[in-house]
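Visitor: I have a model open and want to learn to read it. Where do we start?

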Amino acid sequence: MESAPDATKTATDRLGRWAALRRGRGLAGVVLVGVVALAGLAAPWLAPYAPDEQFAGAALLGPSGEHLLGTDSVGRDILSRTLYGIRIDLVVIFLAVPAGAVIGSLLGLAATRDGRIDTVIQRAFDLILAFPTIVLAIALTMVIGPGVWTIATVIVLAEIPVFGRLTRTSVLTVRQAPYVEAARTLGADEGWILRRHVLPNCLEPLTVQLALAMSVGVFIEGAMSFLGLGITPPTPSLGSLIKEGTQNAYHSPFFAVGPLAVVVVLVLGLLLISQALAARSRLR
């Protein structure tokens, strides 16, 4: 059972973590990510047209009152497709990255329990890291084909060794801390020490890494779709829209501006959140 000082410290840590996101860079990041996320979720109500609706004779039009971001090569409204394309990045951010983080963290925690298990898990991490992300994406695309689940699988596999090794390092470091040794001397069992001292103190770097990994996930989705390994037409995604915009930059220079701006805002927001959490961690 936790003592009053222990409970107070735990509550203070939780409040401090949230406080980092309620002011300064943290608040700015939350607002930017929140705006993009709400725009994607509200796409059916915000989009002026259906994402696949084509307008005859309206190919590669510039921004206008009817089409605020212009139209693509077959006359579809770019604003509508951008709003619906945000949803792919939301899947990447809120499903694939946390899934990779959870699996990697559990493997990293398991690696600290036994030397033989540690060796097997570390070699598995080495195997994954031996393949660059783009090579992994090509291999998976050849096996299961392009699509959102291919992107999600690549991101999960890319994040597993990152979070696994971070968790392993954090757990081994905290276990050697003086307060853990004191608790062990007083007769506390390893399970209680793990729950009360080790895991709470490992949460800080993992939270920072999670925000950073989400921004990397956005780039992975964009790169895969840009190379034709991700979302296939006619389904819109930010990466595929940027790709199409660069291909038609001569005839429609404003084509890629909207999707690119959304990517910049989303990544900037995630980086600001990561920086705010990291700054709070350094001040502890």
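Guide: Start with the secondary structure. The protein chain has 11 helices and 0 strands. From the N terminus on, the order is α-α-α-α-α-α-α-α-α-α-α. Keep in mind that this is a predicted model.

Visitor: What box do the C-alpha atoms of the protein chain fill?

Guide: Along the principal axes, the box is roughly 80 × 45 × 25 Å. The accessible surface of the protein chain comes to about 14300 Å². Carbon and sulfur atoms account for 70% of that surface.

Visitor: How do I judge the covered part? What percentage of the 284 residues count as buried?

Guide: The share is 46% of the 284 residues. Then look at contacts along the chain. Among contacts with a separation of 6 or more, 70% join residues 24 or more positions apart.

Visitor: Now the interior. Which residues touch the most other members of the largest nonpolar core?

Guide: First the general idea. In soluble globular proteins, nonpolar side chains tend to be buried together. Now the case here. The largest nonpolar core has 50 residues, and L83, I86, I155, V218, M224, L266 and L270 touch the most other members. At least two core residues come from each of α2 (24–41), α4 (78–111), α5 (115–129), α6 (133–144), α7 (148–175), α9 (190–226), α10 (238–247) and α11 (257–283).

Visitor: Which helix gives the most to this core?

Guide: That is α4, with 11 residues. Take I86 as an example. Beyond residues up to four places away in sequence, I86 touches V36, A39, G40, L238 and V262. There is also a second, separate core of 10 residues, which includes L109, A177, V180 and I193.

Visitor: L238 came up there. Which residues of α10 are buried?

Guide: They are L238, G239, S240, L241, I242, E244 and G245. That makes 7 of the 10 residues in α10, so the helix is mostly covered.

Visitor: What about nonpolar residues on the surface? Which residues make the nonpolar surface patch?

Guide: L127, F131, I134, V135, I138, M142, V143, I144, F226 and L227 make a patch of about 980 Å². The largest share, 6 residues, comes from α6.

Visitor: How can one helix line up several residues?

Guide: An α-helix has 3.6 residues a turn, so residues three or four places apart point the same way. Try that spacing on the patch members I134, I138 and M142.

Visitor: Is M142 buried or exposed?

Guide: M142 lies in helix α6. Its relative accessible area is 70%, so M142 is exposed. The cut-off for exposed is over 50%.

Visitor: How does V216 count on that scale?

Guide: V216 is in helix α9. V216 counts as partly exposed because its relative accessibility is 37%. For a distance check, pair V216 with R113. They are 103 residues apart along the chain, and their C-alpha atoms are separated by 30 Å.

Visitor: Now a loop residue. Where is H67?

Guide: H67 sits in the loop between α3 (43–46) and α4. With 3% relative accessibility, H67 counts as buried. Buried means under 20%.

Visitor: What does the side chain of H67 make a polar contact with?

Guide: The partner is the side chain of D77, at 2.9 Å. Leaving aside neighbours within four places in sequence, H67 is in contact with Y49, F55, G62 and D77.

Technical notes. Residues are numbered from 1 along each chain as its sequence is written. Side-chain values use heavy atoms; hydrogens and water are left out. A nonpolar core is a set of buried Ala, Val, Leu, Ile, Met, Phe, Trp, Tyr and Cys residues joined through side-chain atoms within 4.5 Å. Buried means under 20% relative accessible area, exposed over 50%, partly exposed in between (1.4 Å probe, protein chains only). Helices (H or I, at least four residues) and strands (E, at least two) are DSSP runs, numbered from the N terminus. Contact means heavy atoms within 4.5 Å. Patches are made of residues with over 30% relative accessible area and no salt bridge: like charges are joined within 9 Å, nonpolar side chains (Val, Leu, Ile, Met, Phe, Trp, Tyr) within 5 Å. Accessible areas come from the Shrake-Rupley method with a 1.4 Å probe; for residues, only the protein chains shown count as cover. A salt bridge is a side-chain nitrogen of Lys or Arg within 4 Å of a carboxyl oxygen of Asp or Glu. A polar contact is a pair of N or O atoms within 3.5 Å; within protein, one must be able to donate a hydrogen and the other to accept it, and residues adjacent in sequence count only if both atoms are side-chain atoms.
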